[in-house]
Amino acid sequence: MKPIWIKHASQLVTMEPELKGPRIGNAMSELGIIEDGSVWMESGKVIRAGTTRELELEFEDREQEAEVVDGAGKLVTPGLVDPHTHVVFGGTREAEFERRLEGASYMEIMNAGGGIHATSRMTREASEEALFEQAYTRLDSFLKHGVTTLEGKSGYGLNLETELKQLRVMKKLNSVHPIDLISTFMGAHAVPNEYKGQEEAYVSLLIDTMIPMVAKDDLARFNDVFCEKNVFTPNQSERILEAGKRFGLIPKIHADEIEPFGGAELAAKVGAISAEHLLKASDEGIRAMAKKGTIACLLPATALYLREEAANARKMIDQGTAVAISTDCNPGSSPTTSMPLVMNLACILMRMTPAEALCAATVNAAYAIGEGEQAGKIEEGKKADLVMWDVPSYQMLQYAFGVNHVQAVWKKGVRVV
């Protein structure tokens with residue numbers, strides 16, 4: 001495989017790889033921009049990043065053996081990281097979209113057997129092969145939008161057989177698709193209809209059977225739970241997350257999406273790597289997350305789709321919480337694969353700056369799924385996951401919204417878009 005040499009990028013955004021850990025506060029705006037930037041990639045890794053002049057002095061005698069890419073007038077960034085998706089599912093729910101526009105709420109639809117329950121029925125009915133093919137196509141779309149690393153959750157099975165089926169599909173996708181796919185077990189996405197009135201029995205099934213089986217087959221890195229009124233209580237959520245920890249599954253939590261419910265506080269208490277949604281998170285919960293180092297994973301496309309006020313990213317950043325952003329790709333509340341759109345919405349709906357949005361979609365998103373040492377930045381010796389954008393600056397990337405500016409994507413040094 002020939003080395004790749006990108007030269008003369010208008011801006012090369014490295015995300016300041018010498019800074020360690022998730023970025024908080026002002027550090028979210030430190031992008032490590034190199035004007036007239038250049039990158040040498042070889043054997044799947046970044047060998048050198050600097051100015052074009054610096055790399056010409058170092059690699060001039062090897063130029064003939066490399067594939068040279070002209071980056072003039074282009075922005076080059078790390079590959080985007082999407083830290084919260086439900087990428088493997090069966091069916092669609094466009095009829096519910098229309099019902100919400102007519103006035104029905106998300107929870108009303110779910111409690112009437114729609115929402116997560118509708119997708120659960122369709123996912124249970126779908127074959128493993130069908131789920132694989134549909135999800136592979138979605139991953140292709142993510143890749144075309146600049147995503148090179150992605151987290152995927154189960155949670156549309158709500159029984160042992162289908163939860164394991166979803167996770168097996170994700171494991172296979174990770175082995176054959178260019179995108180790195182990190183799996184999360186989310187059997188606690190909802191209480192299935194067959195357990196209505198027997199919620200504690202389902203919690204016991206999760207703790208005593210599902211979590212041990214997921215861990216035994218090494219099918220997930222994380223364990224997530226939807227801590228929400230009429231879904232799982234804080235007490236139930238804590239027990240499920242602590243059970244996962246005993247089997248080596250790192251806790252995540254869907255928290256305070258519909259109403260304040262103590263989810264952010266619970267995320268800090270159990271040491272969750274991230275808390276998701278947080279539209280209604282309390283000030284106390286945000287402070288507790290900041291103190292514990294729990295990353296706030298915010299989903300502005302979901303808020304837009306449900307016509308809800310987005311999470312208060314400005315307050316979280318100002319109070320020292322690391323913020324990541326994600327598509328929340330799912331069939332009911334955010335059927336999108338566009339991280340560029342999510343960055344736009346982070347600026348428009350959540351008052352994040354363009355620099356903060358790019359940080360939240362790269363290095364902070366990577367840390368939210370345990371990939372911060374390998375993904376989300378351009379660092380010598382690390383994976384060569386890069387995106388070239390047909391814009392000259394990161395400001396232009398956020399300014400011209402709703403447009404996919406991706407021109408090329410490299411995954412581990414191989415051009416895949």
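**Reading a fold, one residue at a time**

Modeller: Let's start with one residue: His189 has a relative accessibility of 4%, so it counts as buried. Keep in mind that we're looking at a predicted model.

Biologist: Okay, how do I read that percentage? Which values count as buried, and which as exposed?

Modeller: Under 20% relative accessible area is buried, and over 50% is exposed. That's why His189, at 4%, lands in the buried group.

Biologist: And where in the chain is His189?

Modeller: Look in the loop that links strand S8 (180-188) to helix H7 (199-216).

Biologist: Which residues does His189 touch, if I skip its neighbours within four places in sequence?

Modeller: Contact here means heavy atoms within 4.5 Å. His189 has contacts with His86, Ile116, Gly155, Tyr156, Leu158, Phe226, Val231 and Phe232. One of those, Tyr156, sits in the loop between strand S7 (147-153) and H6, and it's buried too, at 2% relative accessibility.

Biologist: How do I read a database label? Which residues does UniProt put under "binding site" along with His189?

Modeller: Treat it as a note from a record; it may be inferred rather than shown by experiment. The unreviewed UniProt entry has a "binding site" annotation on Arg93, Tyr156, His189, Glu257 and Ser333. In the model, Arg93, Tyr156, His189, Glu257 and Ser333 are part of the lining of the largest cavity.

Biologist: There's another "binding site" set with His84 in it. Which residues does UniProt list there?

Modeller: That one, also from the unreviewed entry, lists His84, His86, His254 and Asp328. They gather at one spot, because no two of their C-alpha atoms are more than 12.5 Å apart even though they span 245 residues in sequence. From this set, His86, His254 and Asp328 help line the largest cavity.

Biologist: Is His84 buried or exposed?

Modeller: Its relative accessible area is 0%, so His84 is buried. You'll find it in the loop between strand S6 (80-82) and helix H2 (94-101). Beyond its close sequence neighbours, its contacts include Lys153, His254, Cys297 and Asp328.

Biologist: Asp328 again! What about Ser334: what does it touch?

Modeller: Not counting residues up to four places away, Ser334 is in contact with Ala301, Thr302, Tyr305, Thr327, Asp328 and Cys329. Ser334 lies in the loop from strand S13 (323-325) to helix H13 (339-350), and at 2% relative accessibility it's buried.

Biologist: Can I read a whole helix this way? Which residues of H4 are buried?

Modeller: Sure, go residue by residue. In H4 (residues 116-125), the buried ones are Ile116, His117, Ala118, Thr119, Ser120 and Thr123. They pack against H2, helix H3 (106-111), helix H5 (128-144), helix H6 (160-176) and strand S9 (222-227).

Biologist: And how far apart in space are Val76 and Ser10?

Modeller: Compare sequence with space: they're 66 residues apart along the chain, and 8.0 Å apart from C-alpha to C-alpha. Val76 belongs to strand S5 (residues 75-78) and is buried, at 0% relative accessible area. Its contacts include Ile6, Leu12, Ile378 and Met388.

Biologist: Last one: which residues form a nonpolar patch on the surface?

Modeller: Leu304, Ile348, Leu349 and Phe401, with about 390 Å² of accessible area together. Phe401 is in the loop between helix H16 (394-399) and strand S15 (406-411). With 53% relative accessibility, it counts as exposed.

Conventions: Residues numbered from 1 in each chain as written. Predicted model: local features only at pLDDT ≥ 70, side-chain atom pairs only at ≥ 80, totals over all residues. Heavy atoms only, no water. Patch = residues over 30% accessible without salt bridge, like charges linked within 9 Å, V, L, I, M, F, W, Y side chains within 5 Å. Areas by Shrake-Rupley, 256 points an atom, 1.4 Å probe, with all protein chains shown as cover. Salt bridge = Lys/Arg side-chain N within 4 Å of Asp/Glu carboxyl O. Helix = DSSP H or I, 4+ residues; strand = E, 2+ residues; numbered from the N terminus. Buried < 20%, exposed > 50% of the residue type's maximum accessible area, 1.4 Å probe, protein only. 1 Å grid on protein atoms, 1.4 Å probe; cavity = no way out; pocket = protein on both sides within 12 Å on 5 of 7 lines; lining within 4 Å.
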